[in-house]
Amino acid sequence: MRTAYSVETVRAAEQRLMARVPEGALMQRAAAGLAVACAQLVGRVYGSRVVLLVGSGDNGGDALYAGARLARRGAGVVAVLLSPERAHAGGLAALVRAGGRTVAPGDAEEVLHRADLVLDGIVGIGGRGGLRPDAARLAELASQSQGVVVAVDLPSGVDADSGEVRGAAVRADVTVTFGAHKPGLLIDPAREYAGAVRLVDIGLGSELPGEAALEALQHADVAALLPVPGAESDKYRRGVVGIAAGSGRYPGAAVLAVAGALRGGAGAVRYVGPASDAVIARFPEVLVSEGGPLKAGRVQAWVVGPGAGDDASAVADVVTADVPVLIDADGLRLVDPEAVRGRGAPTLMTPHAGEAAALLGVPRGEVEGARLESVRELAGRYGATVLLKGSTTLVAGSGGGAVRVNSTGTGWLATAGSGDVLSGLCGSLLAAGLSAFDAGSVGAYLHGLAGRLAADGAPVGAHDVAEAVRVAWRDVRG
């Protein structure tokens, strides 16, 4: 599992480690790893042109020491000093001894234009808000450079803890981070500024706490959580999921939610709603009920809301059930918040940014710009597990703790009905016995992987994504 830690936690770990190692050892470890990464990116170090963008903090020191190492290997290294009087003294001396030189920000355009590699050491993980005008100008010039832009620990101008970008920021091709991932490297919009992320081990592992601020499941984690039937399994042991979805206007939402549930491994699906003919025509194995959810028979989880239109009756009935419930789409708009907060069984809510904004009573842009804060706020406000869909899907538990971020998302999933497939898929995992937190996390992972597999670089529809869930499942299981 990939983990990310808050700035406060990382700094505390660094302080504990620094008390046990020689002075300056951590910076030298970071600079050495950074220099190695830069050398790999430029290929041939000798004769390459490297520009350092140097601020007044430790990130500037990391950049200067790394630049000195590259200069000793024959690179032409130029440091642009935003505040010469506040530059890291030891790093600057090391660079000059190695043959590097310095220029003022006003002379940066020419050297940046010719750079093979640009090293961003302007602001560290403690930076808040966008870059100041002089630094913003350097960030813009760096983006226009033909060289590879490498961020030191974190792109300057992005928020390390929240992933927010509140102004001008460096757009890196690669970020070399030290000791531990920071949440902003894994969450949009900051993730888009980070590029490919490389982690340099500086020895913090033993000093970091067991619970991280953010988690990202990997293949092995998902494989360990996937429910696999045994020799004695029957449909109830595998999980029976109820789907209350669709309407006369949106019958396809029901079909797609059922498809996600079946491809997600449900032992059986019970369908309730006005789209029964469409569902049976596509999936004859589905158990259709003519009554409402309360008369549908035994289920181990419910999915309610996709394509429901304005009919709140099914939502109201399902929320009274004493089994796990997933609420999506129209269900999020129709459900009584007090009924959600009063539930004894687990609840998983799956809004996209627009739906989350409506639930929180804020503009959509506020949710998109502060995804981590928004998903935590929703989970706390509703007493539910919340899966916030988007370019980086986040899952927050009702009791706080680490938030999970999905690493398999793709823009090809931005297609009508894709969310309905995800709802059915997560519902099947709830019915199989996974917690709401694990069902949302595993479902998002499989859904993202299915989107990638189905698309393979070409447009797809939600039906293609549903069919690819089986392939994604097999891919994870190996």
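Modeller: We can start with two residues of this predicted model: Asp438 is buried, and Arg404 is buried as well.

Colleague: How do the side chains of Asp438 and Arg404 meet?

Modeller: They form a salt bridge, with N and O 2.7 Å apart. Asp438 belongs to helix 19 and Arg404 to strand 18, so the bridge ties together parts that lie 34 residues apart in sequence.

Colleague: How many salt bridges does a search of the whole structure find?

Modeller: The search gives 17. One of them joins the side chains of Arg49 and Asp116, at 3.6 Å from N to O. This pair, too, links distant parts of the chain: Arg49 is in strand 2 (residues 49-54), Asp116 is in the loop between helix 5 (108-113) and strand 5 (117-121), and 67 residues separate them.

Colleague: Is Arg49 buried, partly exposed or exposed?

Modeller: The class follows from relative accessible area, with buried meaning under 20% and exposed over 50%. Arg49 has 39% relative accessibility, so Arg49 is partly exposed. Asp116 has 30% and therefore falls in the partly exposed class.

Colleague: Which residue forms a salt bridge with Asp159?

Modeller: The partner is Arg166, and the closest N and O atoms are 3.6 Å apart. Asp159 is buried because its relative accessible area is 5%. Salt bridges can also join into networks, and here one network links Arg16, Arg20 and Glu207.

Colleague: Turning to cysteines, how many disulfides does a search of the whole structure find?

Modeller: A disulfide is a covalent bond between the sulfur atoms of two cysteines. In this structure the search finds zero. As for individual cysteines, Cys38 is buried, because its relative accessibility is 1%. Cys426 is buried too, at 0%.

Colleague: Next, helices. What should the 14 residues of helix 18 span?

Modeller: Compare the expected span with the distance between the end C-alpha atoms. For helix 18 (residues 418-431), 1.5 Å a residue leads to an expected 20 Å, and the end C-alpha atoms are 20 Å apart, so the two agree.

Colleague: Is helix 18 mostly covered or mostly open?

Modeller: Mostly covered, since 13 of its 14 residues are buried, going by a relative accessible area under 20%. Gly433 follows helix 18 and has a positive phi, near 110 degrees.

Colleague: Pockets are next. What is the volume of the largest pocket?

Modeller: About 970 Å³. A volume is best read together with the lining. Here 37 residues line the pocket, and those nearest its centre are Gly57, Asp58, Asn59, Val123 and Gly124. Helix 1 (7-18), helix 2 (25-42), helix 3 (58-72) and helix 6 (133-144) each supply at least two lining residues. By class, the lining divides into 14 nonpolar, 14 polar and nine charged residues.

Colleague: Which residues lie nearest the centre of the second largest pocket?

Modeller: They are His352, Lys389, Gly390, Leu413 and Ala414, out of a lining of 35 residues. Two or more lining residues come from each of helix 7 (190-194), helix 10 (251-263), helix 15 (353-360), helix 16 (364-369), helix 18 and helix 19 (436-455). The space in this pocket is about 800 Å³.

Colleague: Which helix gives the most to the lining of the second largest pocket?

Modeller: Helix 18 does, with four residues. The lining of this pocket is made up of ten nonpolar, 15 polar and ten charged residues.

Colleague: Where a cavity is concerned, which residues line the largest cavity?

Modeller: The residues are Leu217, Thr393, Val395, Arg404, Val405, Asn406, Ser441 and Ala444. Strand 18 (403-405) and helix 19 are the elements that give two or more of them. Arg404 is thus met again, having already appeared in the salt bridge with Asp438. The cavity has a volume of about 50 Å³, and its lining counts four nonpolar, three polar and one charged residues. The structure has one cavity of 30 Å³ or more.

Colleague: One last residue: where is the place of Gly246?

Modeller: Gly246 is in the loop between strand 10 (240-244) and helix 10. Its relative accessibility is 8%, so Gly246 counts as buried. For a sense of distance, the C-alpha atoms of Gly246 and Arg128 are 45 Å apart, with the two positions 118 residues apart along the chain.

Definitions and conventions: Residues numbered from 1 in each chain as written. Predicted model: local features only at pLDDT ≥ 70, side-chain atom pairs only at ≥ 80, totals over all residues. Heavy atoms only, no water. Disulfide = S-S within 2.5 Å. Buried < 20%, exposed > 50% of the residue type's maximum accessible area, 1.4 Å probe, protein only. Expected span 1.5 Å × (residues − 1). 1 Å grid on protein atoms, 1.4 Å probe; cavity = no way out; pocket = protein on both sides within 12 Å on 5 of 7 lines; lining within 4 Å. Points joined across faces, edges and corners; volume = space filled by probe spheres on them. Nonpolar A, V, L, I, M, F, W, Y, C, P; charged D, E, K, R; others polar. Salt bridge = Lys/Arg side-chain N within 4 Å of Asp/Glu carboxyl O.
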